[in-house]
Amino acid sequence: VILGAGTAGTMMAHKLTKVLDPTQWQITLVDRDEHHIYQPGLLFVPFGMYEPDDLVRPRAALLPAQATYHGQGFKAVDPEARTVTLTTDETLSYDLLIVATGTRIVPEETQGLTGTGWFDTAFDFYSMAGAKALHDKLIWWKGGTLIVNVVDMPIKCPVAPLEFLFLADAFFKERGIRDDVRIVYATPLDAAFTKPRASAALGQILEQRGIEVVTEFNLAKVTGSSRTIEAYDGRTLDYDLLVCVPLHAGAEAIQNSKLGNDLGFVPTDKHTLQSRDYPDVFVIGDAADLPTSKAGSVAHFQAEVLTENILRHLRHEPLQPDFDGHANCFIETGHGKALLIDFNYDTEPLPGKFPLPVVGPFDLLSESHINHWGKLGFRWIYWNVLVRGEEMPLEHKMTMSGKRV
């Protein structure tokens, strides 16, 4: 049974149907609806660069024909009895469980955020509804103070708030109102990003664009009536428009089961991807509590390791500790440019060329037009290659080839 039919779950369903004997194994996926959303594209919706319909496909069209799909969601997991209870009260038994439930936003957990002004002067762009509502606001907004705030870590795609800032700067310049907009980034981190070298590069771009950064701002509450956000240390910031990246949590049913921690993420071996508590449970993607980015590229690199380790587990062989925390992502910087970062548990983003030394064609830790086109082109790769479990010409382990130390 695979819990979650998003990026990670769909990939694993395809990979396992290719390697498991269909006369011996039945693959069943469980999710809560019929629509698969290309989540990286939500960033572009507020600026009119993508339409919502560009980002949605029926789940059934993406899943392997050999798999069974339940779209009503689940409400409980009993890892000791090895059962999953669906919201319909039907019980599924499993021999092997893959948790691919991702992460969800919980804006209601922040005092006042979803109160007065929600989807009027305060928005998220991590949901389709929020991204669409923000687009409708931005197309007529005349200016003022825009605050982009991250409530807490971890979040999906940690660079997305920075991308939003850069795209907003470019959007307002194109509309001729940039001088009428003060852009502020309020982050709980002590710098622009978690990795020092990337943080320095991204911080320099923020400074060049005239974007203010307020660090170690841990949001306590939002007062929509006065358009104010307040940190736990008492600092306050006034806004005309608030774009908030809400608190994230794992799936509620995972959080309430014996599988998850207090935030609903599953304690997972950082190298083998096996549950640290239950040997017949494996975890992939954002559902894991691993110290790496919650991003689609991570799930892609994990899928290679997980497929092999599931086969080893079924053969009663030792698991391979082969996942090294590899992540890479394009970072939109506006004006048709982007930069690319590639890193893992032990190595922070470095400058250079990717994926091939010298020729690239992508630039690491440096803005370029080709990086921008790489980000836009990834949408086709996502629908046609990545989620279908097809092989891609990238090693799952990070390589130092092309990087300058």
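Strand β21, which covers residues 327-334, gives the most to the lining of the second largest cavity, with three residues, and I should say at once that everything here comes from a predicted model. That lining is made up of C157, P158, V159, S293, A295, S297, A327, N328 and C329, and if we sort these residues by class, we find six nonpolar, three polar and no charged. The space they enclose comes to about 40 Å³.

Let me now turn to the other cavity, since the count comes to two cavities of 30 Å³ or more. The largest cavity has a volume of about 50 Å³, and the residues that line this largest cavity are G285, D286, A288, L290, T292, S293, K294, V298 and Q302. Here the classes divide into three nonpolar, four polar and two charged, whereas the second largest cavity, as I said a moment ago, has no charged residues in its lining. If you have been following the names, you will have noticed that S293 appears in the lining of the largest cavity and also in that of the second largest cavity.

Finally, which residues are the closest to the centre of the second largest pocket? The second largest pocket has a volume of about 280 Å³, and of the 17 residues that line it, the closest to its centre are P154, L290, P291, T292 and S293. Taken by class, the lining of this pocket has 10 nonpolar, four polar and three charged residues. Please notice that L290, T292 and S293, which are named for the pocket, are also among the residues that line the largest cavity.

Conventions:
Residues are numbered from 1 along each chain as its sequence is written. This is a predicted model: local features need pLDDT of at least 70, side-chain atom pairs count only at pLDDT 80 or more; totals for chains, interfaces and linings use all residues. Side-chain values use heavy atoms; hydrogens and water are left out. On a 1 Å grid over the protein atoms alone, a cavity is a set of points where a 1.4 Å probe fits but cannot get out, and a pocket is an open set with protein on both sides within 12 Å along at least five of seven lines; lining residues have an atom within 4 Å of a point. Grid points are joined across faces, edges and corners, and a volume is the space filled by probe spheres set on the points. Ala, Val, Leu, Ile, Met, Phe, Trp, Tyr, Cys and Pro count as nonpolar, Asp, Glu, Lys and Arg as charged, and the others, Gly among them, as polar. Helices (H or I, at least four residues) and strands (E, at least two) are DSSP runs, numbered from the N terminus.
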